[in-house]
Amino acid sequence: MEQPLTGKHILVVEDEAVFRTLLDNFLQSLGANTVLADDGVQALDLLSKLAPDLIICDLAMPRMNGIKLVEHLRMRNSMVPVLVISATENMADIAHVLRLGVQDVLLKPLRDLSRLREAVLECLYPSMFTSKVEEDEQLFQDWEALVRDPPAAAKLLKELQPPVQQELAGCRINYRQLTMAEQPGLVLDIAALSEKDLAFYCLDVTRAGDNGVLAALLLRALFNGLLQEQLSGQAQRLPELSGLLKQVNLLLRQANLQGQFPLLVGYYHQGLKNLILVSAGLNATLNINTHQIQLSNGVPLGTLDSTHLNQISQRCDAWQCQVWGAGGKLRLMLATE
């Protein structure tokens with residue numbers, strides 16, 4: 001059995017006994033040496049005697065919670081990697097620990113231990129993975145400064161746009177964009193989730209002004225993790241995108257970002273040749289060979305507590321998707337290699 005964590009020492013800080021035992025057994029099965037703590041107070045006591053390679057901690061714990069624990073570590077100038085696993089739905093808590101420099105945040109319940117394995121490996125062997133983690137850390141480096149300085153936030157968002165041509169998950173991808181002047185309009189992000197599947201979203205930031213730019217930055221940092229949660233437990237690796245957009249709608253409200261956020265989300269599995277598109281406020285046309293399918297826009301996120309979406313699903317090995325809204329037009333093209 002592969003044991004990529006052999007020789008690594010991991011401190012697990014978790015007050016829930018059953019989940020603590022699950023983490024302990026799983027990490028040991030991968031070769032790690034583990035030490036367990038019930039809360040932040042006990043963890044700090046243990047850290048005075050040992051130097052782990054990684055700390056995995058919950059946020060809600062008695063005596064000292066995970067946020068206070070990470071704050072103590074950073075005050076001591078400790079740069080030990082921290083992976084947070086929490087059931088929190090508080091966007092502010094997630095943003096706060098990311099600003100403190102934690103490597104990743106996973107949401108309970110963890111239905112797919114392979115996602116945990118991937119996150120642990122990313123924390124311990126960062127050079128093996130892409131620079132997206134570094135980009136996410138940059139987004140939360142000084143969140144308050146971005147809120148106070150809308151031009152700086154818009155400039156950062158523009159710098160983080162993906163290259164117009166790239167290869168991801170066995171697919172060739174390129175896009176063309178038409179927006180008004182130099183202002184952010186339709187914002188695109190696309191990323192590989194594995195060797196076989198990728199996801200993307202297109203957000204129109206014009207209707208919410210400065211809040212639209214901030215929403216795009218939040219999505220940039222959190223989208224992949226949210227989608228991984230949707231994929232966990234899906235045997236065929238096909239996510240429930242309507243549930244994902246409901247979760248994004250809730251996070252925008254928790255982050256106090258007011259306004260309308262027209263959003264289109266797509267998922268493509270190269271192995272299954274399956275494309276899913278779901279829209280909340282953006283118009284889209286899907287072209288597959290000579291076949292054209294219209295996706296009506298639905299209701300933008302942020303408009304209502306509930307979401308009103310439109311979705312289509314198609315099997316194809318090449319496609320073009322044209323998206324348009326108040327912020328301009330975008331054409332995304334994909335072909336399998």
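Two strands count as paired if DSSP finds at least two bridges between them, and the strands themselves, like the helices, are DSSP runs numbered from the N terminus (H or I over at least four residues for a helix, E over at least two for a strand). With that in hand, β15 and β16 turn out to form a hairpin with two residues between them. The structure is a predicted model, in which local features need a pLDDT of at least 70 and side-chain atom pairs count only at pLDDT 80 or more, while totals for chains, interfaces and linings use all residues. Residues are numbered from 1 along each chain as its sequence is written, and side-chain values use heavy atoms, with hydrogens and water left out.

On confidence, pLDDT is the predictor's own score for each residue, running from 0 to 100. The protein chain averages 84, and 88% of its residues score at least 70. The low point is helix α6 (residues 132-139), with a mean of 52, and the high point is strand β1 (residues 9-13), at 97.

Back to the hairpin. Strand β15 (residues 318-325) runs antiparallel to β16, and eight bridges join the two; one of the pairs matches C321 with L332 in β16. Strand β16 (residues 328-336) also has strand β7 (residues 171-178) as an antiparallel partner, again through eight bridges. Here Q177 has L330 of β16 as its bridge partner. In general, strands of a sheet pair through backbone hydrogen bonds, either parallel or antiparallel.

A further set of strands makes an open, five-stranded sheet with antiparallel pairing, in the order β8-β9-β10-β11-β14. Its edges are β8 (186-192) and β14 (310-315), each of which pairs on one side only. Neighbouring strands in this sheet are turned by 10° against each other on average, direction ignored. Within the sheet, β10 and β11 run antiparallel and share seven bridges, and L263 has A280 in β11 as its bridge partner. The loop between β10 (263-269) and β11 (274-280) holds K273, which has a phi near 55°, a positive value in a residue other than glycine. At 24% relative accessibility, K273 counts as partly exposed, the class between buried (under 20% relative accessible area) and exposed (over 50%), using a 1.4 Å probe and protein chains only.

Helix α10 lies across β10, β11 and β14, running at about 140° to β10. Such angles run from 0 to 180 degrees between N-to-C directions, with axes taken as lines fitted to C-alpha atoms, for helices over the stretch in contact. The 14 residues of α10 (residues 241-254) should span 20 Å at 1.5 Å a residue, and the end C-alpha atoms are indeed 20 Å apart; the expected span is 1.5 Å times one less than the number of residues. Buried positions in α10 include L241, L244, L245, V248, L251 and L252, along with the polar-named pair S242 and N249. An α-helix has 3.6 residues a turn, so residues three or four places apart point the same way. Just after α10, N256 takes a positive phi of about 65°.Elsewhere, strand β3 (residues 54-57) is home to L54, which is buried at a relative accessible area of 0%. L54 touches H9, I10, L11, V80, P81, V82, L83, V120, C123 and L124, not counting residues up to four places away in sequence; contact here means heavy atoms within 4.5 Å. L54 and K8 are 46 residues apart in sequence, yet their C-alpha atoms are 8.1 Å apart in space.

S86, in strand β4 (residues 82-86), is likewise buried, with a relative accessible area of 2%. Leaving out residues up to four places away in sequence, S86 touches D58, L59, L106, L107 and K108. A polar atom of the S86 side chain lies 3.0 Å from the backbone nitrogen of T88. One of the S86 contacts, K108, is joined to P109 by a cis peptide bond, with omega at about 0°. P109 lies in the loop between β5 (104-107) and α5 (113-124).

The loop between α3 (66-75) and β4 contains N77. This asparagine is exposed, with a relative accessible area of 63%, and phi of N77 is near 65°, a positive value in a residue other than glycine.

Conventions: Polar contact = N/O pair within 3.5 Å; in protein donor to acceptor, adjacent residues only side chain to side chain.
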